[in-house]
Amino acid sequence: MKIGIIGASGYTGGDLIRLLLSHSCAEVTCATSRKLAGKPIDVVHPHLKGFSDLCFENPSIDDLDIDFAFLAVPHTAAMTYVRPLLKRGIKVVDLSADYRLPQDVFERVYGVPHTDYIETPYGLPEIFREVCKGTEFVANPGCFPTGATLAAAPLAPLARSIIFDSKTGVSGAGDNPSAVTHYPNVGDNVNPYKWTSHRHLAEMRQQIGRLNPKTEVYFTPHLVPVNRGILTTAHILLEEPLGQEDVEDLYGRYYKGEPFIRYQMPVLAAVRGSNFCDMKAESEGNRVVVVSAIDNLVKGASGQAIQNMNVMCGFDERDGLMVPGLLP
Ligand SMILES: NC(=O)c1ccc[n+]([C@@H]2O[C@H](COP(=O)([O-])OP(=O)(O)OC[C@H]3O[C@@H](n4cnc5c(N)ncnc54)[C@H](OP(=O)(O)O)[C@@H]3O)[C@@H](O)[C@H]2O)c1
């Protein structure tokens, strides 16, 4: 299957190319960048030198000779690609936020009009796998909502409220430098930001709301001085107390057979570079604390996008994704 990556010079684009190198039936044949068209991909992805002879290109949608496209572009850019690609029979996974929320919620949260809305499945395979099977187009979840929703899903039907407290690495902001990501501001420091107003809160409310419309959801992110990873602590307040054994039994049953969920002490280094979500729960009666760890660029973006492609196309869901993390 011929794969095109639209926005291949960025962080998620680079990880899509890296992971797809080991996919048994998908090959990246087109990597786009407007600024770097004509240059070999290793000018910005030096770790891929020797693995791929691809050069960046900037083709029109009509000139794309591909079967499947990953949109690794900023929100609002993705909405200009989806319908023309689908019209040409090219399947799509969109990594941006453009199709994760209902149109009215998207427009309110992102403060821009949606110019080409299409309702499409939300690709969090562990929870919503069935609706993605055989479909042409999937919206890939945001990085924070992935770690948060996976941590809380088994208990969400029993939860009165959930507070997500997340720590994220700097690559979550993409490869465009800014004052916020400037080394002296990030290094040796921890910065809380958008304490009550992060855009991903709407997505978390949406997904937890599908599991229990009555659960209240809150979220505060913090920027920490690591390149990759999101560690999320979910404080889950239950309607009724649940003991440790019951909680562990519930998580074991809920994620039984899931290739990318590991019930073990979550640390960022153990999932770095991998598609795994590690998590563990501790009960204090009415309150259960669940901590999850993911790599924001893999399970939080490119890895999950490939997992979605595998689900959509009927491939083995693990294809291209069975790489361990990079501890230490
Ligand atoms: N970073 C993360 O942890 C993460 C996690 C989950 C989801 N996401 C989402 O995934 C998408 C990509 O994120 P990223 O971190 O990889 O971003 P990035 O590092 O900033 O890369 C963006 C890519 O898109 C291209 N691009 C920018 N504007 C474009 C346009 N109007 N038309 C076509 N190409 C355009 C850029 O190359 P040229 O400008 O040269 O064309 C570049 O290749 C974003 O929507 C982001 O929100 C990111």
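What radius of gyration would a compact globule with 328 residues have, and what value does the chain have? For a compact globule the figure would be near 20 Å, and the chain has 19 Å, which agrees. The structure discussed in this report is a predicted model.

## Overall form

The C-alpha trace of the chain spans about 60 × 45 × 40 Å along its principal axes. The chain is built from ten helices and twelve strands. Of its 328 residues, 55% count as buried. The fold also brings together parts of the sequence that are far from each other: among contacts between residues at least 6 apart in sequence, 71% join residues at least 24 apart.

The surface can be described in a similar way. The chain exposes about 14400 Å², and carbon and sulfur atoms supply 53% of this area. As for charge, there are 30 positive and 37 negative side chains, and the centres of the two sets lie 2 Å apart.

## Salt bridges

How many salt bridges does a search of the whole structure find? The search finds 17. Three of these pairs are set out below.

| Salt bridge | N to O distance |
|---|---|
| Aspartate 15 and arginine 228 | 2.8 Å |
| Aspartate 42 and lysine 49 | 3.9 Å |
| Glutamate 203 and arginine 100 | 3.1 Å |

In the pair formed by aspartate 15 and arginine 228, the side chains meet in a salt bridge. The two partners come from distant parts of the chain, 213 residues apart: aspartate 15 belongs to helix α1 (residues 11-20), and arginine 228 to the loop between β9 (216-223) and β10 (230-242). Aspartate 15 has a relative accessibility of 2% and therefore counts as buried, since buried means under 20%. The pair is also part of a wider arrangement, in which Asp15, Arg18, Arg228 and Asp295 are linked in a network of salt bridges.

Glutamate 203 and arginine 100 form a salt bridge as well. This pair again links distant parts of the chain, with glutamate 203 in helix α7 (residues 200-211) and arginine 100 in the loop between β5 (91-94) and α3 (103-110), 103 residues apart. Glutamate 203 counts as buried at 1% relative accessibility, and arginine 100 counts as buried at 9%.

Are the partners of the salt bridge between aspartate 42 and lysine 49 buried or exposed? Aspartate 42 is buried, with a relative accessible area of 18%, whereas lysine 49 is exposed, with a relative accessible area of 58%. The value for aspartate 42 falls under the 20% limit for buried residues, and the value for lysine 49 is over the 50% limit for exposed ones, so the two residues are classed in opposite ways.

## Helix α1 and its surroundings

Helix α1, which holds aspartate 15, is mostly covered, since eight of its ten residues are buried. The buried residues are Thr12, Gly13, Gly14, Asp15, Leu16, Ile17, Leu19 and Leu20. Which elements do they pack against? They pack against three strands and a helix, namely β1 (2-6), β2 (27-32), β4 (68-71) and α10 (298-313).

## Three individual residues

Threonine 149 is located in helix α5 (residues 143-152). Its relative accessibility is 0%, so threonine 149 counts as buried. Apart from neighbours within four places in sequence, threonine 149 is in contact with Leu124, Ile127, Gln207, Ile208 and Tyr255.

Alanine 139 is part of strand β6 (residues 137-139) and is buried, with a relative accessible area of 0%. When residues up to four places away in sequence are not counted, alanine 139 touches Asp94, Tyr99, Arg100, Thr120, Pro121, Tyr122 and Gly123. Among these is Arg100, the residue that forms a salt bridge with glutamate 203. Between alanine 139 and proline 259, which are 120 residues apart in sequence, the C-alpha to C-alpha distance is 21 Å.

Serine 283 lies in strand β12 (residues 277-294). Leaving aside neighbours within four places in sequence, the contacts of serine 283 are Leu242, Gly243, Gln244, Val247 and Val288. Serine 283 and proline 241 are separated by 42 residues in sequence and by 8.6 Å in space, C-alpha to C-alpha.

Definitions and conventions. Residues are numbered from 1 along each chain as its sequence is written. This is a predicted model: local features need pLDDT of at least 70, side-chain atom pairs count only at pLDDT 80 or more; totals for chains, interfaces and linings use all residues. Side-chain values use heavy atoms; hydrogens and water are left out. A salt bridge is a side-chain nitrogen of Lys or Arg within 4 Å of a carboxyl oxygen of Asp or Glu. Helices (H or I, at least four residues) and strands (E, at least two) are DSSP runs, numbered from the N terminus. Buried means under 20% relative accessible area, exposed over 50%, partly exposed in between (1.4 Å probe, protein chains only). The radius of gyration is taken over C-alpha atoms; the globule rule is 2.2 Å times the number of residues to the power 0.38. Contact means heavy atoms within 4.5 Å. Accessible areas come from the Shrake-Rupley method with a 1.4 Å probe; for residues, only the protein chains shown count as cover. Lys and Arg count as positive and Asp and Glu as negative; His and the chain ends are not counted. The place of a charge is taken as NZ of Lys, CZ of Arg, CG of Asp or CD of Glu.
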